[in-house]
Amino acid sequence: MRTIVELLEEKISEAMTELSGQAGCSAMVRPTADPRFGDYQANGIMGLAKTMKTNPRTLAQSLVAGLDLSEMCETPEVAGPGFINLRLKPEYLNARLKAMARDVTRLDIDPVAAS
């Protein structure tokens, strides 16, 4: 099973690429430093806005308006100059934990290739 960060990174990066028309966009999803702002934060819009020579907050608002993370997150929020705060839905976390509990052998963690 892919991690939550990997899933969010993929979805937001794809939305950034679609919005900007530029390949190789990275959402730069990280856990938030302060839980009051949510569970995760996407910081990549700042660099994309600089490349596009546009206002990062306006670009973040445009991205959030077309971003569908409804199965995983509450409505994303734009904070500060263009950060995107993400709060996971309790139902989503519950489903992930149940999937892990059902897989008693691996806890739903993908095997790692031996080196």
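Axes here are lines fitted to C-alpha atoms, for helices over the stretch in contact, and angles run from 0 to 180 degrees between N-to-C directions. The model is predicted.

**Exercise 1. The sheet**

Task: State in which order the four strands of the open sheet lie, and which strands are at the edges.

Solution.
Step 1. The four strands make up an open sheet with the order 1-2-4-3, and their pairing is antiparallel.
Step 2. An edge strand pairs on one side only, and this applies to strand 1 and strand 3 (77-79).
Step 3. On average, with direction ignored, neighbouring strands of the sheet are turned by 35 degrees against each other.
Step 4. Strand 2 and strand 4, which run antiparallel, are joined by three bridges. Strand 3 and strand 4 also run antiparallel, and three bridges join them.

**Exercise 2. Residue partners and the hairpin**

Task: Find the bridge partners in strand 4 of Tyr40 and Gln41, then the residue of strand 4 that Glu77 stands opposite.

Solution.
Step 1. Tyr40 has Leu86 as its bridge partner.
Step 2. For Gln41 the bridge partner is Asn85.
Step 3. Glu77 stands opposite Asn85. Asn85 is thus named with Gln41 and with Glu77.
Step 4. The hairpin of strand 3 and strand 4 has three residues between the strands, and Gly80 in this hairpin takes a positive phi near 55 degrees.

**Exercise 3. A helix on the sheet**

Task: Which strands does helix 3 lie across, and at about what angle does helix 3 run to strand 3?

Solution.
Step 1. Helix 3 lies across strand 3 and strand 4.
Step 2. The angle between helix 3 and strand 3 is about 170 degrees. Angles run from 0 to 180 degrees between N-to-C directions, so the value takes direction into account.

**Exercise 4. Gln41**

Task: Is Gln41 buried or exposed, and what does the side chain of Gln41 make a polar contact with?

Solution.
Step 1. Gln41 has its place in strand 2.
Step 2. The relative accessible area of Gln41 is 19%. Buried means under 20%, so Gln41 is buried.
Step 3. The side chains of Gln41 and Asn43 make a polar contact (2.8 Å).
Step 4. Leaving aside neighbours within four places in sequence, Gln41 is in contact with residues including Met28, Val29, Arg30, Phe83 and Asn85.

**Exercise 5. Positive phi outside glycine**

Task: Compare the location and exposure of Met28 and Lys53.

Solution.
Step 1. Most residues other than glycine have a negative phi.
Step 2. Met28 has a positive phi, near 55 degrees, and Lys53 likewise has a positive phi near 55 degrees.
Step 3. Met28 is found in the loop between helix 1 (4-20) and strand 1 (29-31), while Lys53 lies in the loop between helix 2 (45-52) and helix 3 (56-66).
Step 4. Exposed means over 50% relative accessible area, and partly exposed lies between that and the buried limit of 20%. Met28, at 37% relative accessibility, therefore counts as partly exposed. Lys53, at 76%, therefore counts as exposed.

**Exercise 6. The nonpolar core**

Task: Which residues touch the most other members of the largest nonpolar core, and which element gives the largest share?

Solution.
Step 1. The core has 27 residues, of which Leu8, Ile12, Met16 and Leu86 touch the most other members.
Step 2. Two or more residues each come from helix 1, strand 2 (40-42), helix 2, helix 3 and strand 4 (83-86).
Step 3. Helix 1 gives the largest share, six residues.
Step 4. Leaving aside neighbours within four places in sequence, Leu86 is in contact with, among others, Leu8, Ile12, Phe37, Leu69 and Cys73.

Methods. Residues numbered from 1 in each chain as written. Predicted model: local features only at pLDDT ≥ 70, side-chain atom pairs only at ≥ 80, totals over all residues. Heavy atoms only, no water. Buried < 20%, exposed > 50% of the residue type's maximum accessible area, 1.4 Å probe, protein only. Core = buried A, V, L, I, M, F, W, Y, C linked by side-chain atoms within 4.5 Å. Contact = heavy atoms within 4.5 Å. Polar contact = N/O pair within 3.5 Å; in protein donor to acceptor, adjacent residues only side chain to side chain. Pairing = 2+ DSSP bridges.
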